Every structure is written in C-alpha cells, then in structure tokens.
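Thank you all for coming; I would like to go through one structure with you today, slowly and place by place. Please keep the sequence and the picture in view while I talk.

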Amino acid sequence: MTFQVTLQPSGHQFQVEPDEKILEAGIKAGLSIPYSCRSGVCRSCRGTVREGEVDFGDVHPTYLPDSDKAKGLALLCSARAKSDLVVEIAELEGLAGIKPGIVPCRVVKIERPSADVAVLDLRLPMNENMRFMAGQYVDFLLKDGKRRSYSIACKPSAEGVSHIELHIRHVPGGHFTDRLFAGEVKEREVMRFEGPLGSFYLREDSNKPIIFLASGTGFAPIKAMIEHAIARGSQRPMQLYWGCRKPADLYMAALPEQWAREVPGFSYVPVLSEVSAQDGWQGRTGLVHQAVMADHPDLSGHEVYACGVPVMVDAAQRDFLAQCGLPEDAFFADSFLDESSKAAASV
Ligand SMILES: Cc1cc2nc3c(=O)[nH]c(=O)nc-3n(C[C@H](O)[C@H](O)[C@H](O)COP(=O)(O)OP(=O)(O)OC[C@H]3O[C@@H](n4cnc5c(N)ncnc54)[C@H](O)[C@@H]3O)c2cc1C
Ligand code: FES
C-alpha cells in the first residue's frame with residue numbers, strides 16, 4: 001500500500017510507502033522540498049499537514065514541541081504518512097531540475113593544507129557531468145552502510161562538472177575521518193556518493209549585500225558560492241567572515257585574500273578564537289558571529305549565508321535575528337552535524 005502526498009501551493013504529488021520518510025520520497029520524485037540535516041534538527045523541512053494523518057517520527061521536542069504538532073507542523077525528514085496527505089510547504093524554484101543520484105567517483109588527489117584538514121579531488125565517471133547548486137553537499141556511502149555528508153567546495157557549471165572538491169576536517173574518534181587521516185583512504189580509491197543534496201545554495205533573485213559566515217571547513221560551500229558569484233559577474237557586495245581557532249586553521253587564507261585584492265565589492269575578515277602571544281596574530285579575535293554583529297549592528301538589509309559547526313550557526317541565527325534585525329527569510333545555513341550532535345538531538 002502507498003499513500004499519496006499533495007504539496008501546497010504547488011499541487012505537486014508523489015507516492016510514499018508507509019515505512020518511508022516523506023522527505024526521502026519527495027526527493028526521489030524529483031521535488032524541490034527544502035532540507036539540510038535530514039536528522040530532525042535544522043527544521044528546514046518543516047511543513048504543515050493540512051489533511052491526513054502522520055507519524056511525526058523520533059523528533060526531539062526541542063525541534064518539534066507538542067504545541068507545533070498540535071498545529072499540524074511536521075519535520076518531513078522524520079515524519080511518515082499514515083494516510084493520504086495534503087502538506088503545505090514552500091518548494092524551492094532554484095532546485096528545479098537538480099536531482100540527486102548515486103555516483104561512483106575516484107579519489108584523484110588528497111592534499112593536507114593544514115594538520116587536520118584534507119582537500120579531496122574526486123573524479124566522476126566520463127558521462128556523469130554532475131549539475132548542482134553552489135553550496136550543496138554529497139553523502140559518501142561507506143562500505144559498512146554508513147553515510148557522511150561533505151559540502152562541494154568548487155563552483156558548478158551549466159553543463160555539469162566532472163570533478164568535485166571536498167574539504168574534510170579530522171574529528172578525533174570519528175568513524176570516517178579517523179580512517180581518512182590514518183591514510184586508509186588512498187589516492188586512486190573508488191568510492192560512491194549520493195548527491196547533490198540539500199537546499200543551502202546561493203539565492204540569485206536578490207540584490208542584497210551578502211555576509212558569508214564560515215567556521216573551519218564550513219568555508220567549503222562558501223568558497224563554491226563565492227566562486228560562482230564571481231564567475232557570474234555578480235555586482236552584490238560580499239563580505240566573508242571566516243572563524244577558526246588558530247592562524248594555521250585558516251587553511252586556504254591565500255584565496256580570500258586574493259579575492260579581496262581582485263574582486264570589487266569583496267572583503268575578507270578572518271577571526272580567531274584561540275590565539276596566544278606566540279601566534280603574532282594582528283587580526284580580529286573572539287567569536288566569528290560576534291565580529292559580524294560588531295561591524296553590522298543593523299543587518300535588516302543583508303542576506304547571511306552561514307556554514308560550519310552547529311554551535312556557531314545556531315548562535316548566529318539567534319543573535320542576528322534578535323539583536324540585528326535580520327529578517328528570518330534572509331538567513332541561510334548548513335550545520336555540520338556529526339554523530340555526537342545527532343545523538344544529543346535524538347529522543
Ligand atoms: C550537510 C552537512 C555537510 C557537511 N559538510 C562537511 C564538510 O564540508 N566538511 C567537513 O569537514 N565536515 C562536514 N560535515 C560533517 C561530516 O558529515 C561528518 O559529520 C564529520 O566529518 C565527522 O564524521 P566522522 O565519521 O569522522 O565522525 P562521527 O562518526 O560522526 O563521530 C563524530 C564524533 O562524535 C562521536 N560519536 C560518534 N557516535 C556517537 C554517539 N552515538 N554518541 C555520542 N558521540 C558519538 C565520535 O567519537 C566523534 O568524536 C557535514 C555535515 C553535514 C550534516
Ligand atoms: S530537520 Fe528535516 S532536514 Fe533538518
């Protein structure tokens with residue numbers, strides 16, 4: 001037995017199995033439903049069930065309290081259908097025609113620009129030319145059935161790309177990154193990923209100045225967005241705030257420094273949180289999102305794209321909206337949730 005889901009206001013319809021998550025079925029059907037973490041945390045996939053009945057899934061009350069459930073709100077990455085449904089959710093026009101697939105790839109090169117960051121160059125099959133939006137991610141499908149998400153760090157092209165670049169930070173004790181940094185993933189190895197995924201991408205229907213906010217390897221999708229904007233000759237003012245702990249953690253600092261010299265309207269502010277006198281650091285210090293707030297007490301006319309560790313993304317969203325007047329619909333983000341943050345968020 002399958003159930004039919006109708007999305008409003010688009011009227012798009014798709015079928016979902018009783019044991020299947022509604023979001024997964026919608027993505028499979030090629031629909032542009034917003035989503036990021038697929039773990040019931042980011043709330044990007046929140047829709048309103050107008051007709052029918054759902055099983056809300058194992059969602060922590062922090063992210064979907066009973067009062068929201070009573071209003072029919074559901075996180076589509078966690079909810080399953082118990083009948084035919086009508087769900088209200090704003091689909092994303094920018095993702096139309098971008099459909100994820102399972103893609104084999106060869107690891108062509110692994111570079112180590114800093115002690116705990118690896119930059120991977122992956123080659124896709126000759127006929128694969130993947131189309132994606134700048135900012136999206138892929139999921140490595142590991143041999144043991146686990147998945148790990150990594151943002152695409154290079155710009156897309158209209159005809160699709162045959163290589164992608166990933167920036168991966170070592171998380172000590174991590175299932176995949178321990179293997180990667182122990183040298184168990186080798187150049188020439190063949191891997192598989194699913195992608196492109198997610199709805200963190202550069203909105204091009206706005207002229208507002210952009211603040212890009214990255215922590216650590218959160219620079220990866222931001223790099224893709226900035227390279228894409230530069231390639232398209234965007235006239236929007238762009239400012240990048242990149243937060244790390246130590247100077248060496250700014251593993252590609254030469255690139256934003258070059259953009260700041262060469263791209264009109266672009267500026268770069270590195271912000272370090274754990275510098276000591278020996279580092280000889282002359283630049284900004286403290287929390288990266290607070291540096292943005294110090295420079296821009298009024299963000300009402302900006303768009304913000306934030307990516308990196310959940311604590312930074314959450315603080316930026318909370319404080320920019322509450323203290324700097326950033327409109328809710330002008331904040332776009334991907335949080336790098338790992339297994340520990342997912343475990344903390346599960347019921
Ligand atoms: C949309 C998205 C995009 C991402 N993009 C990037 C990117 O571009 N670059 C990047 O570096 N990272 C990115 N990440 C993070 C990445 O997907 C991985 O989570 C990260 O690399 C860690 O993977 P791992 O397998 O090494 O660690 P994990 O196995 O996930 O472990 C992480 C930590 O949690 C601990 N842990 C594991 N299981 C549990 C548990 N059950 N309870 C408590 N603690 C536990 C481990 O000991 C370890 O310290 C992204 C994440 C998301 C969601
Ligand atoms: S809460 Fe559903 S995609 Fe993040």
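Arg43 has a relative accessibility of 40%, so this residue counts as partly exposed, since that class takes in what is neither under 20%, which would be buried, nor over 50%, which would be exposed. You will find Arg43 in the loop that runs between α1 (22-28) and β3 (46-51), and although Arg43 is not a glycine, its phi is positive, at about 70°. I should say at once that we are looking at a predicted model, and please keep that in mind for every value I mention.

Why do I point out a positive phi? Because most residues other than glycine have a negative phi. Arg188 is another residue other than glycine with a positive value, its phi being near 85°, and Arg188 sits in the loop between α3 and β13. Is Arg188 buried or exposed? With a relative accessibility of 59%, Arg188 counts as exposed.

Let me turn from phi to the peptide bonds, and here the background is that most peptide bonds are trans. In this model, Gln8 and Pro9 are joined by a cis peptide bond, with omega at about 10°, and Pro9 lies in the loop between β1 (3-8) and β2 (13-16). Gly195 and Pro196 are also joined by a cis peptide bond, with omega at about 0°, and Pro196 belongs to strand β13, which covers residues 190-197.

Next, please look at the sheet. Six strands form an open sheet in the order β17-β16-β15-β14-β18-β19, and their pairing is parallel. The strands at the edges are β17 (284-285) and β19, and each has a single partner strand, so one side of each is left without a neighbour in the sheet. If we follow β17 to its partner, we come to strand β16, residues 266-272, which pairs with β17 in the parallel sense over two bridges, and there Val271 stands opposite Arg284 in β17.

Now for the ligand. Which residues are closest to ligand 1? There are 24 residues around ligand 1, and the closest are Arg148, Ser149, Tyr150, His167 and Thr177. Taking His167 further, one of its backbone N or O atoms lies 2.8 Å from a nitrogen atom of ligand 1, while a backbone N or O atom of Pro172 lies 3.1 Å from an oxygen atom of the ligand. From the side chain of Thr217, an N or O atom is 3.0 Å from an oxygen atom of ligand 1. On its own, ligand 1 has 980 Å² of accessible area, and the protein covers 78% of that.

Where does this shell come from? At least two residues each are supplied by β11 (147-151), β12 (163-169), α3 (175-181), β19 (331-335) and α8 (339-345), and β11 gives the largest share, with four residues. Sorted by class, the shell holds nine nonpolar, ten polar and five charged residues. Since domain 2 (101-197) and domain 3 (210-343) both give residues to this shell, ligand 1 lies between them.

Finally, one residue in a helix: Cys324 is part of α7, residues 310-324, and because its relative accessibility is 4%, Cys324 counts as buried. Its C-alpha atom is separated by 9.9 Å from that of Ala294, which is 30 residues away along the chain.

Definitions and conventions:
Residues numbered from 1 in each chain as written. Chains lettered and ligands numbered in written order. Predicted model: local features only at pLDDT ≥ 70, side-chain atom pairs only at ≥ 80, totals over all residues. Heavy atoms only, no water. Near = heavy atom within 4 Å. Polar contact = N/O pair within 3.5 Å; in protein donor to acceptor, adjacent residues only side chain to side chain. Areas by Shrake-Rupley, 256 points an atom, 1.4 Å probe, with all protein chains shown as cover. Nonpolar A, V, L, I, M, F, W, Y, C, P; charged D, E, K, R; others polar. Domains from an automatic or database assignment. Pairing = 2+ DSSP bridges. Buried < 20%, exposed > 50% of the residue type's maximum accessible area, 1.4 Å probe, protein only.
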